[in-house]
Amino acid sequence: MTDPAPSEKKTGDSGDSDEPQPTLLEQMGGVSGLIYSSLPVIVFVLANSFFGLTAAIWTSIGSAVAITVLRLVRKEPLQPAISGFFGVAIAAFIAYRTGSAKGFFLFGIYASLVYCGIFVLSVVVRYPIAGVVWNMLNGTGQAWRKDKPSRYGYDVATLAMAAIFAARFVVQRWLYQEDYTGWLAFAKIAMGYPLYALGLLVVVWAVRRSDKRLKAMAEDEPAPETDAEVEARLREKYAAPEA
């Protein structure tokens with residue numbers, strides 16, 4: 001007798017669910033997420049060009065507040081809104097302290113350097129962040145770390161993300177030193193979501209590769225004995241010989 005059809009597929013198994021998988025853009029917050037992250041930067045540059053640094057600082061903060069309120073009203077996830085607001089607030093504070101519009105981008109430049117270092121270090125200590133974060137969020141345990149090909153795939157994905165942060169630091173640091181504020185804004189936007197999308201493609205490759213391997217390994221393992229099978233085996237082993 002075969003099992004009912006619904007039990008043959010588990011929703012949690014990678015690639016086995018009939019539910020449509022979210023696209024890369026949806027995983028990154030969709031079009032609205034792209035607009036939310038870009039708007040304060042655009043507002044800052046435009047306001048600085050027409051009204052000066054002080055107006056640029058306050059309008060960028062105001063746009064971040066408006067975006068946070070909009071997310072609350074639309075009942076969207078709060079974490080991106082809060083982190084985005086604080087990111088803009090810190091950038092605006094640095095611009096105020098330095099008295100320079102390009103200071104608005106200084107925090108993001110060195111944050112990229114820090115992130116790059118953390119990602120590389122995670123690979124060195126054999127806890128690649130791509131694998132740790134993905135498997136922690138999905139509650140799939142540490143089995144991936146015991147499989148070298150799986151860990152290698154996550155190493156590649158983590159190093160791909162590190163390369164993205166390194167590229168952001170190198171390019172934007174050079175633009176900062178050359179006082180190209182307008183190009184800094186362009187680079188911040190262009191090297192944000194588009195590059196993250198490329199990095200996410202590598203992460204998706206690593207996840208699917210690991211899931212496929214772990215699933216195959218699990219299928220090759222012998223099924224655990226039931227209580228009845230254990231009892232029957234022990235009875236057969238210790239049964240008294242017939243006269």
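In this predicted model, arginine 145 is placed over the face of tyrosine 127, at 3.7 Å from the ring centre. A second charge of this kind is contributed by lysine 102, which lies over the face of tyrosine 176 at 4.5 Å from the ring centre.

Lysine 102 also takes part in a salt bridge, its side chain meeting that of aspartate 179 at 2.4 Å, N to O. Because lysine 102 belongs to the loop between α4 and α5, and aspartate 179 to the loop between α8 and α9 (181-190), this pair ties together parts that are 77 residues apart in sequence. The two partners can be described by their accessibility: lysine 102 is buried, with a relative accessible area of 16%, whereas aspartate 179, at 49%, counts as partly exposed.

A search of the whole structure finds two salt bridges, and another bridge joins the side chains of aspartate 147 and arginine 213 at 2.7 Å, N to O. Aspartate 147 lies in the loop between α7 (143-146) and α8, while arginine 213 lies in helix α10 (residues 193-220), so that parts 66 residues apart in sequence are tied together by this pair. Here aspartate 147 is buried at 5% relative accessibility, and arginine 213 is partly exposed at 32%.

The architecture that carries these side chains consists of 11 helices and zero strands, so-called elements that run α-α-α-α-α-α-α-α-α-α-α from the N terminus on. Of the 243 residues of the chain, 31% count as buried. Among the contacts with a separation of 6 or more, 65% are accounted for by residues 24 or more positions apart. The accessible surface of the chain comes to about 15800 Å², and 65% of this surface belongs to carbon and sulfur atoms.

Aromatic side chains provide further links, for the structure holds 12 aromatic pairs. The rings of tyrosine 110 and phenylalanine 169 have their centres 5.7 Å apart and their planes at 65°, and the pair is therefore edge-to-face. This pair links distant parts of the chain, with tyrosine 110 in helix α5 (residues 106-124) and phenylalanine 169 in helix α8 (residues 148-177), 59 residues apart. Tyrosine 110 is partly exposed at 35% relative accessibility, whereas phenylalanine 169 is buried at 17%. Phenylalanine 119 and phenylalanine 165 form a tilted pair, 5.5 Å centre to centre and with 55° between the planes. That pair, too, links distant parts of the chain, phenylalanine 119 being in helix α5 and phenylalanine 165 in helix α8, 46 residues apart. Both phenylalanine 119 and phenylalanine 165 are buried, and together with Tyr115 and Tyr196 these two residues form one aromatic cluster.

Helix α4 (residues 78-98) supplies four residues, the largest share, to a nonpolar patch. The patch lies on the surface, covers about 530 Å² and is made by Leu72, Leu78, Ile82, Phe86, Ile90 and Phe107. Leucine 78 lies in helix α4. The table sets its accessibility beside that of two further residues of the helix, valine 88 and tyrosine 96.

| Residue | Relative accessible area | Class |
|---|---|---|
| Leucine 78 | 40% | partly exposed |
| Valine 88 | 11% | buried |
| Tyrosine 96 | 58% | exposed |

Valine 88 and tyrosine 96 can also be placed against residues that are remote in sequence. The C-alpha atoms of valine 88 and isoleucine 61 are separated by 6.4 Å, although these residues are 27 residues apart along the chain. For tyrosine 96 and threonine 54, which are 42 residues apart along the chain, the C-alpha separation is 7.6 Å.

When residues up to four places away in sequence are not counted, valine 88 touches Pro40, Ser60, Ile61, Ala64 and Phe104. One of these contacts, serine 60, is found in helix α3 (residues 53-73), and at 0% relative accessibility serine 60 counts as buried. On the same sequence criterion, serine 60 touches Pro40, Val43, Phe44, Val88, Ala92 and Phe104. Pro40 and Phe104 are thus among the residues touched by valine 88 and also among those touched by serine 60.

Notes:
Residues numbered from 1 in each chain as written. Predicted model: local features only at pLDDT ≥ 70, side-chain atom pairs only at ≥ 80, totals over all residues. Heavy atoms only, no water. Patch = residues over 30% accessible without salt bridge, like charges linked within 9 Å, V, L, I, M, F, W, Y side chains within 5 Å. Areas by Shrake-Rupley, 256 points an atom, 1.4 Å probe, with all protein chains shown as cover. Salt bridge = Lys/Arg side-chain N within 4 Å of Asp/Glu carboxyl O. Helix = DSSP H or I, 4+ residues; strand = E, 2+ residues; numbered from the N terminus. Buried < 20%, exposed > 50% of the residue type's maximum accessible area, 1.4 Å probe, protein only. Contact = heavy atoms within 4.5 Å. Phe/Tyr/Trp six-rings, centres within 6.5 Å; stacked < 30°, edge-to-face > 60°. Lys NZ or Arg CZ within 6 Å of the ring centre and 35° of its normal.
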